[in-house]
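The following exercises are to be worked through with the sequence and the structure at hand. Each task is followed by a solution in steps.

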Amino acid sequence: MNKNFKQVVFSGVQPTGSLHLGNYLGAIKNFVELQKKMECIYCIVDLHAITVFQNPKELKKNILETTAEFIACGLDFKKSIIFNQSSVSGHAELAWIFNCISRIGWMNRMTQFKEKAGSNKENASVGLYVYPSLMAADILLYKATHVPVGDDQKQHLELVRNIAQKFNNDFKSSNFFPIPEPLIQKKLSRVMSLRDGKKKMSKSEESDYSRINLQDSEDEIRKKIKKAKTDSSPIPGTIEELKDRPEALNLLSIYSFVINSTIEKTLNTMKGREFSKFKNDLSDALVATICPIGKKIKNLKNDQSYLLKILHEGTERANSIAEKNLDKVKEIMGFVLH
Ligand code: TYM
């Protein structure tokens, strides 16, 4: 479908607090892999963050911290473009245009809005409601063809594809925007909460025991895994037997993914073992993966000028692509450029 387009990867992460294992395994690990073979643009989506109130001091700290987390996880700012969304004005401009392309009915179907707005929808920001228009702008401003995300962003991506398609149809420019493909990890598309295997691991979950943060210490990781909810049965031999055991499935999936194996192999070797024992292996694997990243984040966080330089360079590179594409959009739509 997108074979006439240059292959470009785009993805974004909200600077709303420390990143967790779900962000890392579901998305960022894939960002790192993709930069080896494609042109990649990774954005710290601060305009998305303000769809719910952000304390200005915290926001600033979080934007720099997310930059440090990107680098510590292995993103290479010389290769990939790394920048913060609000510094390229084209995102907000194109989002407005897409607000006029999107249909209210499309927005009304978004389950994430319903979840985030909760029972008091009247009091949610308008920005939270049109959040997917801004996502469409992020991706299409760079004519990105591939979007690595966790499973929770699938519905938003579907809407982005509808917006691209409708723009192309409305303005009779069938090949202007690519129809971006979501890239979702097959083996682990959604990391679940350590307290409830039916809920996704999330920054907004009240209990810190529900998640492993990239900056957690070895002690914290071990304590959280020890306390992670499981059931009383031992590890089974087949995936089918995990169907009604969401917490067990989650821990075994995390372990298999982290050690670069498959859940089938893990079940094969661990069948019959008690979870209390398995949890030691899981903690060891997580400590080996997460703690080196956490150490790097802590060092980088102190070097503000280095982080600002990364964002500044990335912004310049992003802006030069964005400006050209936005001018073209305006021309197609009949705006007067001068
Ligand atoms: P955000 O900041 O909530 O999450 C960043 C990335 O992490 C993934 N993720 C997870 N993956 C697996 N299991 C989990 N428990 C888990 N929690 C989070 C998310 O799917 C995401 O890929 N709307 C986006 C940010 C965004 C964006 C974009 C993404 C804005 N514009 C354009 C792609 C393209 C979000 O809130 O991600």
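A disulfide is counted here when a pair of cysteine sulfur atoms lies within 2.5 Å. In chemical terms, it is a covalent bond between the sulfur atoms of two cysteines. The structure studied is a predicted model.

**Exercise 1. Cysteines**

State how many disulfides the structure holds, and examine cysteine 291 as a case.

Solution.
1. The structure holds zero disulfides.
2. For cysteine 291, the closest cysteine sulfur belongs to cysteine 73, at a distance of 13 Å. With a cut-off of 2.5 Å, this is too far for a bond.
3. Is cysteine 291 buried or exposed? Its relative accessibility is 11%, and a residue counts as buried under 20%; cysteine 291 is therefore buried.
4. Cysteine 100, with a relative accessible area of 46%, is partly exposed, since its value falls between the limits of 20% and 50%.

**Exercise 2. Helix α1**

Compare the expected span of helix α1 with the distance between its end C-alpha atoms, then describe its surroundings.

Solution.
1. Helix α1 covers residues 21-34, which is 14 residues.
2. The expected span is 1.5 Å times one less than the number of residues, and for α1 this gives 20 Å.
3. The end C-alpha atoms of α1 are 19 Å apart, in agreement with the expected value.
4. Where does α1 bend? The bend is at alanine 27 and amounts to about 40°.
5. Of the 14 residues of α1, twelve are buried, so the helix is largely enclosed by the rest of the structure. Among them are Asn23, Ala27 and Phe31.

**Exercise 3. The ligand**

Identify residues that surround the ligand, and describe polar contacts with it.

Solution.
1. The ligand is surrounded by 26 residues, of which the closest are Tyr131, Asp138, Gly150, Asp152 and Val191.
2. Asparagine 23 places a polar side-chain atom 3.2 Å from an oxygen atom of the ligand.
3. For aspartate 138, a polar side-chain atom lies 2.7 Å from a nitrogen atom of the ligand.
4. Methionine 201 takes part through its backbone: a polar atom there is 3.0 Å from a nitrogen atom of the ligand.
5. On its own the ligand has 700 Å² of accessible area, and the protein covers 96% of this.

**Exercise 4. Alanine 117**

Locate alanine 117 and decide whether it is buried or exposed.

Solution.
1. Alanine 117 belongs to helix α6, residues 111-117.
2. Its relative accessible area is 13%, so alanine 117 is buried.
3. Alanine 117 is 65 residues from valine 52 in sequence, while their C-alpha atoms are 9.6 Å apart in space.

Conventions: Residues are numbered from 1 along each chain as its sequence is written. This is a predicted model: local features need pLDDT of at least 70, side-chain atom pairs count only at pLDDT 80 or more; totals for chains, interfaces and linings use all residues. Side-chain values use heavy atoms; hydrogens and water are left out. Helices (H or I, at least four residues) and strands (E, at least two) are DSSP runs, numbered from the N terminus. The bend at a residue is the angle between axes fitted to the seven residues ending there and the seven starting there. Buried means under 20% relative accessible area, exposed over 50%, partly exposed in between (1.4 Å probe, protein chains only). A residue is near a molecule or strand if one of its heavy atoms lies within 4 Å of it. A polar contact is a pair of N or O atoms within 3.5 Å; within protein, one must be able to donate a hydrogen and the other to accept it, and residues adjacent in sequence count only if both atoms are side-chain atoms. Accessible areas come from the Shrake-Rupley method with a 1.4 Å probe; for residues, only the protein chains shown count as cover.
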